[in-house]
Amino acid sequence: MNDTRGRVGFYDVSVAYDGAAVIQGLSLDVVPGELVTVLGPSGCGKTTLLLALAGLLPISGGSITVDGRRATVPGPDRAMVFQDLDQLLPWKTVQKNVEFGAKHGWASSGKASGVGRQKDVRELLSMVGLSQVSGRYPVHLSGGMRQRVAIARALAADPDVLLMDEPFSALDAQTREQLQLELLSIWRRAGKTIIFITHSIDEAAILGSRILVMGRNGRVMEDFINSAVPTGDQARDIAARAEVQVHLRAALDSCFSEATPPAYASSSPPAGAWNVSREPE
Ligand SMILES: Nc1ncnc2c1ncn2[C@@H]1O[C@H](COP(=O)(O)OP(=O)(O)OP(=O)(O)O)[C@@H](O)[C@H]1O
Ligand SMILES: [Mg+2]
């Protein structure tokens, strides 16, 4: 696992649209290799947070860094996967779309051509199970296949941080579940830092090594290491996930009502549980 690259820092970050604050004073430290799922009510600023980290949106205060460098413009150290099933280039084949990702990331790194961090496109297509359809155009792919291509394209430039904005929300339940498992497997193999936005409590609990609940103005309402990460002990996993889901539901309710989140109900909180505070290493 890559444990040296992909550290993300938000320091007292504010973002405004036309002078109206959407995120105010957000501070956050994501350690390399974490898969952080972010939940929060619609309009609380989740996409804004990702766009700012991607360098696609200027911030009005504070700073955002990736491995100590300011993330004010897009760069090959970050790649984004969107919700939209039409995010691929329709005039390029699957293979060419992924190659484009590799070249784009490479080009924007500003380095000379030759050796580099560009990933082998065939290897990536195999990783996402699309070797057989590399010559097809996006129009001939299912929604799940398109999102797999989008993930491969994002990984093609070998970014340190993968930003995913509800990438599976337009898919049917079965495909979504399958892609969640595939993403977990890719994450374990590739060791990327991933920040994954979702509206689904289940998805947050299944995927996140760490879960964050955002309230209005990008306020962090909850931030904890997920005790429901699958261990292989099915009975234990199901019980742990149910507990996390109940807690997340209550946290989200409190976001809507803007009340203080209820205290964790269990008499014996799971190991590595809530409100983890993180000191920079
Ligand atoms: N380009 C824009 N111009 C002005 N306001 C915007 C713009 N984009 C977003 N906003 C506003 O900023 C706030 C946060 O938007 P954002 O898209 O980050 O929310 P979100 O948490 O991702 O919501 P959702 O869960 O619905 O995707 C919302 O009030 C939205 O209306
Ligand atoms: Mg959004």
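Colleague: L57 is placed in the loop between α1 and β4 (61-66). Why is L57 called partly exposed in this predicted model?

Modeller: A residue is buried from 20 other C-beta atoms within 10 Å and exposed at 12 or fewer, with partly exposed in between. L57 has 15 C-beta neighbours inside 10 Å, so L57 counts as partly exposed.

Colleague: Which residues does L57 touch, leaving out those up to four places away in sequence?

Modeller: L57 touches V15, T48, L51 and A52. In addition, the C-alpha atoms of L57 and V73 are 8.3 Å apart in space, with their positions 16 residues apart in sequence.

Colleague: T48 also belongs to the residues around ligand 1. Which other residues are there?

Modeller: Besides T48, the residues around ligand 1 are Y17, D18, V22, G40, S42, G43, C44, G45, K46 and T47. Helix α1 (residues 46-54) gives the most to this shell, with three residues.

Colleague: What makes the shell around ligand 1 divide into nonpolar, polar and charged residues as it does?

Modeller: The division is three nonpolar, six polar and two charged. Glycine counts as polar, and therefore G40, G43 and G45 fall in the polar class. Asp and Lys count as charged, so D18 and K46 form the charged class.

Colleague: P41 is found in the loop between β3 and α1. What makes P41 partly exposed?

Modeller: P41 has 16 C-beta neighbours inside 10 Å and therefore counts as partly exposed. Leaving aside neighbours within four places in sequence, P41 is in contact with L252, C255 and F256. P41 and V213 are 172 residues apart in sequence, while their C-alpha atoms are 8.9 Å apart in space.

Colleague: How do you know that P32 is partly exposed?

Modeller: P32 has 19 other C-beta atoms within 10 Å. Burial begins at 20, so P32 is partly exposed. P32 lies in the loop between β2 (20-30) and β3 (35-39). The C-alpha atoms of P32 and G191 are separated by 8.2 Å, although the two residues are 159 apart along the chain.

Colleague: Why is D12 called exposed?

Modeller: The class of exposed residues covers 12 or fewer neighbours. D12 has 12 C-beta neighbours inside 10 Å, so D12 counts as exposed. D12 lies in strand β1 (residues 8-17). The phi angle of D12 is near 50 degrees, a positive value in a residue other than glycine.

Colleague: D67 also has a positive phi, about 50 degrees, although it is not a glycine. Where does D67 lie, and what is its exposure class?

Modeller: D67 lies in the loop between β4 and β5 (69-70). With 16 C-beta neighbours inside 10 Å, D67 counts as partly exposed.

Colleague: Why is D172 called exposed?

Modeller: D172 has 12 other C-beta atoms within 10 Å, and exposure is assigned at 12 or fewer; D172 is therefore exposed. The position of D172 is in the loop between β7 (161-165) and α5. D172 and G143 are 29 residues apart along the chain, and their C-alpha atoms are separated by 8.9 Å.

Colleague: Why are α4 and α5 called roughly parallel?

Modeller: The axes of helix α4 (residues 143-156) and helix α5 (residues 173-190) cross at roughly 15 degrees. Angles under 35 degrees count as roughly parallel, and α4 and α5 are therefore roughly parallel to each other. Their axes come within 11 Å, and α4 passes α5 in a right-handed crossing.

Colleague: Which residues make the contact between α4 and α5?

Modeller: From α4 the contact uses G143, G144, Q147 and L155, and from α5 it uses T175, L179 and A190. By class, there are three nonpolar, four polar and no charged residues in this contact.

Colleague: What can be said of the chain as a whole, in secondary structure, burial and contacts?

Modeller: The chain has seven helices and ten strands. Of its 281 residues, 41% count as buried. Among contacts between residues at least 6 apart in sequence, 72% join residues at least 24 apart.

Conventions
Residues are numbered from 1 along each chain as its sequence is written. Chains are lettered from A and ligands numbered from 1 in the order in which they are written. This is a predicted model: local features need pLDDT of at least 70, side-chain atom pairs count only at pLDDT 80 or more; totals for chains, interfaces and linings use all residues. Helices (H or I, at least four residues) and strands (E, at least two) are DSSP runs, numbered from the N terminus. Two residues are in contact if their C-beta atoms, placed from the backbone, lie within 7 Å. A residue is near a molecule or strand if its C-beta atom, placed from the backbone, lies within 6 Å of it. Axes are lines fitted to C-alpha atoms, for helices over the stretch in contact, and angles run from 0 to 180 degrees between N-to-C directions. Angles under 35 degrees count as roughly parallel, over 145 as roughly antiparallel, 65 to 115 as roughly perpendicular and the rest as oblique. A crossing is left-handed if the near helix is turned anticlockwise from the far one by less than a right angle, and right-handed if clockwise.
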